[in-house]
Amino acid sequence: MILFLACRPVVPRPSRPGAAARRRRRSPLTPYRRLFAAPGALAFTLAAFVGRLPGSMLGVSTVLMIATVRDSYALAGAVSATGVAATAIAGPLLGRLVDRYGQAGVAVPAVLVFVAGAIAMVLCVRLGAPAWALFCCAVGSSGVPSLGSMTRARWAALHREDPAARHTAASFEQVVDEVCFMAGPALAMVLCTAVRPEAGLVTAAALLLVGTLLFAAQRRTEPPPDPRPARGRVLLTPGLRVVLMTFLATGAVFGSMEVATVAAVGSYGGSTASSAVLALQAAGSCAAGLAFGALPPRGTAGGRLVAGVAAMAVAVLPLLTARGLATLAPLLFLAGMATAPTMITGMTLVHRLIPAARLNEGMTTVYTGLLIGISTGAATGGWTVDHLGATSAYLTPATAAALAFAIAWAGRDALRAPLPSCTPSPRTTQPGEPPRRSSWP
């Protein structure tokens with residue numbers, strides 16, 4: 001009997017139909033579930049969202065408040081532009097301080113200064129202070145802590161040894177940015193027009209204060225600072241200069257696209273639908289960002305950045321042929337789908353090109369470039385509409401997208417440059433933690 005059983009062929013137990021396929025099939029949400037399984041991840045993400053939403057409310061709220069109370073869009077635009085310029089200077093400096101002294105130690109004082117400046121702005125507008133006082137308030141309230149950069153730094157610290165998780169985190173953060181830029185301006189518009197002209201700025205300041213304080217309270221996920229003085233400048237990194245210039249041109253695409261869309265929709269006789277049509281572009285970016293984060297990255301980050309800006313340049317061109325809402329709406333959704341992968345890859349390159357001790361400074365520098373590009377693009381797009389007409393409004397974003405591709409293509413070799421040499425820093429290395437890269441050599 002034993003010999004008989006031993007001689008029988010071993011036949012594997014048949015599995016139920018589709019079982020193997022189900023095992024191979026992975027839910028698109030699996031990478032995101034794994035991302036938030038880290039202790040404290042959900043807490044700092046929710047706190048940061050409360051503080052990041054006001055970022056897209058500030059410009060709209062300031063312009064509407066000043067234009068409504070003072071009856072001058074010229075003054076409103078000039079004060080807003082002054083705030084943007086001051087933020088462009090203060091952002092990288094705050095990022096450097098965060099790297100040196102820690103997120104909570106810099107974000108809390110910065111947000112208190114911002115709130116004081118915002119309150120002063122509201123009082124000056126309401127009490128009829130001279131115009132120069134408004135410009136002073138705009139400068140004083142420009143030190144807004146970059147919670148987006150700080151959340152990305154936390155993800156990088158939590159998943160230092162897991163590139164796939166960092167890729168998913170970068171994708172998720174871009175989706176959060178898109179959601180904020182969809183919801184923030186609409187909320188500001190409702191508050192300023194339906195409640196009071198200053199309601200938008202007051203609400204934004206309150207949300208930013210609460211969100212920053214809640215975020216700073218999440219200390220266990222805060223990356224350790226490097227107390228040594230930073231040497232050199234992140235812009236000495238050739239690869240980062242390429243990313244910065246690419247983001248400048250990409251920001252011009254975003255800023256001019258918004259102006260072009262408002263002008264185009266108005267020429268079709270549907271000016272009230274501008275917000276909804278603009279939201280389609282952000283929705284396309286959100287969808288692409290979620291899908292991009294669920295898939296493993298392929299190729300090099302530099303190659304993906306070049307491909308992303310190339311896709312953006314191609315996707316903008318069909319907008320020149322739109323002649324009505326029925327064609328413009330789906331084309332904007334498709335154009336938006338090239339946004340998230342490009343932005344995600346650009347921030348991934350910042351992580352790879354900048355030492356860990358300079359990460360916040362590097363990210364805020366790049367985001368400052370994006371902000372300047374948006375402002376420049378909006379101004380250029382407005383000039384195009386005034387001089388060439390609404391039918392030619394998309395020439396500006398198309399030109400900016402082509403410029404972004406030219407910059408990325410010309411600098412593709414710098415994007416493959418190796419990380420700067422470094423030595424371990426004993427004062428910032430924690431027990432059981434791999435050595436962090438030192439300050440800029």
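## A walk through a predicted helical model

Leu 127 is exposed, with a relative accessible area of 69%. Keep in mind from the start that this is a predicted model. Leu 127 belongs to helix H7, which covers residues 103-127. On the surface, Leu 127 joins Ile 119 and Leu 123 in a nonpolar patch, and together the three have about 330 Å² of accessible area.

Let's stay on the outside for one more stop. Pro 39 sits in the loop that runs between helix H3 (30-35) and helix H4 (41-52). Is Pro 39 buried or exposed? Its relative accessibility is 56%, and because the cut-off for exposed is over 50%, Pro 39 counts as exposed. Which residues does Pro 39 touch, if you skip its neighbours within four places in sequence? The answer is Arg 220 and Thr 221. Try finding Arg 220 in the sequence: Pro 39 and Arg 220 are 181 residues apart there, yet in space their C-alpha atoms are 8.8 Å apart.

Now for the charged pairs. How many salt bridges does the structure hold? There are eight. One of the pairs to look at is Arg 34 with Asp 162, where the closest N and O atoms are 2.8 Å apart. This pair links distant parts of the chain, since Arg 34 is in helix H3 while Asp 162 is in the loop between helix H9 (147-158) and helix H10 (163-195), 128 residues apart. Both partners fall in the middle category: Arg 34 is partly exposed at 42% relative accessibility, and Asp 162 is partly exposed at 23%.

Next, look at Asp 177 and Arg 52, whose side chains meet in a salt bridge with an N to O distance of 2.6 Å. Asp 177 lies in helix H10 and Arg 52 in helix H4, so this pair ties together parts that are 125 residues apart in sequence. Here both residues are buried. They also belong to a network of salt bridges that links Arg 52, Arg 152, Glu 173 and Asp 177.

There's another salt bridge worth a visit: the side chains of Arg 96 and Glu 361 meet at 3.1 Å, N to O. Again distant parts of the chain are linked, with Arg 96 in helix H6 (residues 73-101) and Glu 361 in helix H17, 265 residues apart. Where the Asp 177 and Arg 52 pair is buried, this one is mixed. Arg 96 is partly exposed, at 23% relative accessible area, whereas Glu 361 counts as buried at 5%.

While you're at helix H17 (residues 359-388), find Thr 368, which is also part of it. Thr 368 has a relative accessible area of 10%; buried means under 20%, so Thr 368 is buried. Leaving aside neighbours within four places in sequence, its contacts are Thr 87, Ala 88, Gly 91 and Pro 92.

Time to head inside, starting with helix H12. At 1.5 Å a residue, the 30 residues of H12 (residues 238-267) should span 44 Å, and the C-alpha atoms at its ends are 43 Å apart, which agrees. Why can we call H12 largely enclosed by the rest of the structure? Because 21 of its 30 residues are buried. Just after H12, Gly 269 takes a positive phi of about 85°.

H12 matters for the next stop too. The largest nonpolar core has 47 residues, and the members that touch the most others are Val 243, Leu 319, Leu 328 and Tyr 394. Several elements give two or more residues to this core, among them H9, H12, helix H14 (301-316) and H17. Which element provides the largest share? It is H12, with twelve residues. To see the packing around one member, pick Leu 319: away from its sequence neighbours within four places, it contacts Met 257, Leu 328, Leu 331, Leu 332, Ala 335 and Tyr 394. A second, separate core has 28 residues, including Met 57, Ala 118, Val 122 and Cys 124.

We finish at Ser 285, in helix H13 (residues 274-294). With a relative accessible area of 1%, Ser 285 is buried. Setting aside neighbours within four places in sequence, Ser 285 is in contact with Glu 178, Gly 336, Met 337, Thr 339 and Ala 340.

Conventions
Residues are numbered from 1 along each chain as its sequence is written. This is a predicted model: local features need pLDDT of at least 70, side-chain atom pairs count only at pLDDT 80 or more; totals for chains, interfaces and linings use all residues. Side-chain values use heavy atoms; hydrogens and water are left out. Helices (H or I, at least four residues) and strands (E, at least two) are DSSP runs, numbered from the N terminus. Buried means under 20% relative accessible area, exposed over 50%, partly exposed in between (1.4 Å probe, protein chains only). Contact means heavy atoms within 4.5 Å. The expected span of a helix is 1.5 Å times one less than its number of residues. A salt bridge is a side-chain nitrogen of Lys or Arg within 4 Å of a carboxyl oxygen of Asp or Glu. Patches are made of residues with over 30% relative accessible area and no salt bridge: like charges are joined within 9 Å, nonpolar side chains (Val, Leu, Ile, Met, Phe, Trp, Tyr) within 5 Å. Accessible areas come from the Shrake-Rupley method with a 1.4 Å probe; for residues, only the protein chains shown count as cover. A nonpolar core is a set of buried Ala, Val, Leu, Ile, Met, Phe, Trp, Tyr and Cys residues joined through side-chain atoms within 4.5 Å.
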